[in-house]
Amino acid sequence: MADTDTFRYRLAGTDGGARRGEIATPRGTIRTPAFMPVGTVATVKALYPEQVRDAGADILLGNTYHLMLRPGAERVARLGGLHAFMRWEKPILTDSGGFQVMSLSKIRKITEEGALFQSHLDGSRHMLSPERSIEIQCLLGSDIQMQFDECIELPAERREVERAMELSLRWAERSRRAFEAQRASGGAGPGQALFGIVQGGTDAALRRRSAEALVGMDLEGYAVGGLAVGEGHDLMLATLDATLPFLPDDKPRYLMGVGTPLDLIESVRRGIDMFDCVLPTRNGRHGLAYTWGGPVNLRNAVHADDPRPLDPESSCPAARDYSRAYLHHLMRSGEYLGAMILSWVNTVFYQDLMAAMRAAIEARRFDAWAEETKARITGGRSPGA
């Protein structure tokens, strides 16, 4: 699919519930299923942009909450936008900041207007509304923008889940109107898109109501939010089963903040197209490597005398070239290089996993591939994992 001045999704093929597609944007094509490395504050931690690009990532994620606080959206805009600022030429998706308001701010108050919160950096007070969230995302120049929503921790009482879901729907409509106003004024460029976020906890009826209302707004894509916040793997998958039938086949589906390799495989099996998660780089910085033989904790003493490469099957040179003993030494010594290498290894693994899923869907053998791969990465666990 060639680059275009419009945003569009093409479903190229299916295998059961799994979908293979392409999202065209002015900044390039996103091959789906896709995993977005998390560049929260305009950087994927411990990696050069070139490493992320060469790993196979078609799109990165940035964060409205963090970038509005530091260095500031207006400053980024003056410096040419987020792409130029961080030297990333491919598409960028920005989340709305709602989750960070819930999880990071010291003091927050949710009203119909928006979220009044205190910065986790310096205690300064800010109001983040649907309109301000969209304004910030347009200043950053992101290719895919997310509606402002309220994400609550689970488990929660049904009435609280319903309240937050209904508020998020009203905020979705305000986000849509704000985005259209930005388009009319030139604040949103050609080919930029707005996604809605389905909420409703693990309640199937609430998820359906949320999905149907958002589909009625005719947005460019739809995310499933409010999962991976304490409900557990099985309940997350059950919630996807209850939600995805009410989302359109001809638009992208994005599962926010997920997850482990097993999460990705099972979610793609159900029809998810896009993911983001901090696990590859966060776990890499703490010594956990994802390999085709299972996760390996390089901090464990069992690796101290092991001359074998970390993962001879990896397409990442570092996984093939450095010994487990050396990587163990770096992690136990607190050397920056250890975090850098393992973040690189994990980023490549996640991109290779997505590429393998796309190939399996094209070959119409996704279920068989999934079972084989799950056995490898969970049952065939490396020593010391």
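Here are some questions and answers about this structure, which is a predicted model.

Q: In the open sheet with the order β1-β2-β3, which strands stand at the edges?
A: This open sheet has 3 strands with antiparallel pairing. Two of its strands have a single partner strand each, so one side of each is left without a neighbour in the sheet. Those edge strands are β1 (8-15) and β3 (28-32).

Q: What is the bridge partner of Y9 in β2?
A: Start with the pairing: β1 and strand β2 (residues 18-25) run antiparallel and are joined by 7 bridges. Follow the bridge from Y9 over to β2 and you land on its partner, I23.

Q: Which helix packs on the sheet of β1, β2 and β3, and what angle does its direction make with that of β2?
A: Neighbouring strands of this sheet are turned by 15° against each other on average, direction ignored. The helix packing on the sheet is α14, and it touches β1, β2 and β3. Its direction makes an angle with that of β2 of about 115°.

Q: Is α13 parallel or oblique to α14?
A: Helix α13 (residues 324-333) packs against helix α14 (residues 336-362) with the axes 7 Å apart and an angle of about 125°. Angles of 65 to 115 degrees count as roughly perpendicular and those over 145 as roughly antiparallel, so this pair falls into the remaining class. That makes α13, relative to α14, oblique.

Q: Which residues of α13 make the contact with α14?
A: α13 passes α14 in a left-handed crossing. On the α14 side, the contact is made by L337, G338, A339, I341 and L342. On the α13 side, the residues are Y326, L327, L330 and M331.

Q: Which strands stand at the edges of the open sheet with the order β7-β8-β9?
A: Here too there are 3 strands with antiparallel pairing. An edge strand has a single partner strand, so one of its sides is left without a neighbour in the sheet. The edge strands are β7 (108-110) and β9 (125-128).

Q: What is the bridge partner of I110 in β8?
A: β7 and strand β8 (residues 115-118) pair over 3 bridges in the antiparallel sense. Going from I110 across to β8, you reach A115.

Q: Are the residues of β12 buried or exposed?
A: Strand β12 (residues 221-224) points G221 and A223 one way and Y222 and V224 the other way. Whichever way they point, these residues are all buried.

Q: Which residue in β13 stands opposite A223?
A: On one pairing, strand β11 (residues 193-198) and β12 are parallel over 4 bridges, and the partner of I197 in β12 is A223. β12 also pairs with strand β13 (residues 253-255), in the parallel sense over 3 bridges. In β13, the residue opposite A223 is Y254.

Q: Is the crossover from β11 to β12 left-handed or right-handed?
A: The chain crosses from β11 to β12 through helix α8 (residues 204-215). Next along, β12, helix α9 (residues 233-243) and β13 make a β-α-β unit that is right-handed. The crossover from β11 to β12 is likewise right-handed.

Q: Which residue just after α6 takes a positive phi?
A: Helix α6 (residues 130-140) has buried residues including P130, I134, C138 and L140. Just after this helix the chain takes a positive phi of about 85°, at G141.

How values were computed: Residues are numbered from 1 along each chain as its sequence is written. This is a predicted model: local features need pLDDT of at least 70, side-chain atom pairs count only at pLDDT 80 or more; totals for chains, interfaces and linings use all residues. Side-chain values use heavy atoms; hydrogens and water are left out. Two strands pair if DSSP finds at least two bridges between them. Buried means under 20% relative accessible area, exposed over 50%, partly exposed in between (1.4 Å probe, protein chains only). A crossover is right-handed if, with the strands pointing away from the viewer, the path from the first strand over the helix to the second runs clockwise. Axes are lines fitted to C-alpha atoms, for helices over the stretch in contact, and angles run from 0 to 180 degrees between N-to-C directions. Angles under 35 degrees count as roughly parallel, over 145 as roughly antiparallel, 65 to 115 as roughly perpendicular and the rest as oblique. A crossing is left-handed if the near helix is turned anticlockwise from the far one by less than a right angle, and right-handed if clockwise. Contact means heavy atoms within 4.5 Å.
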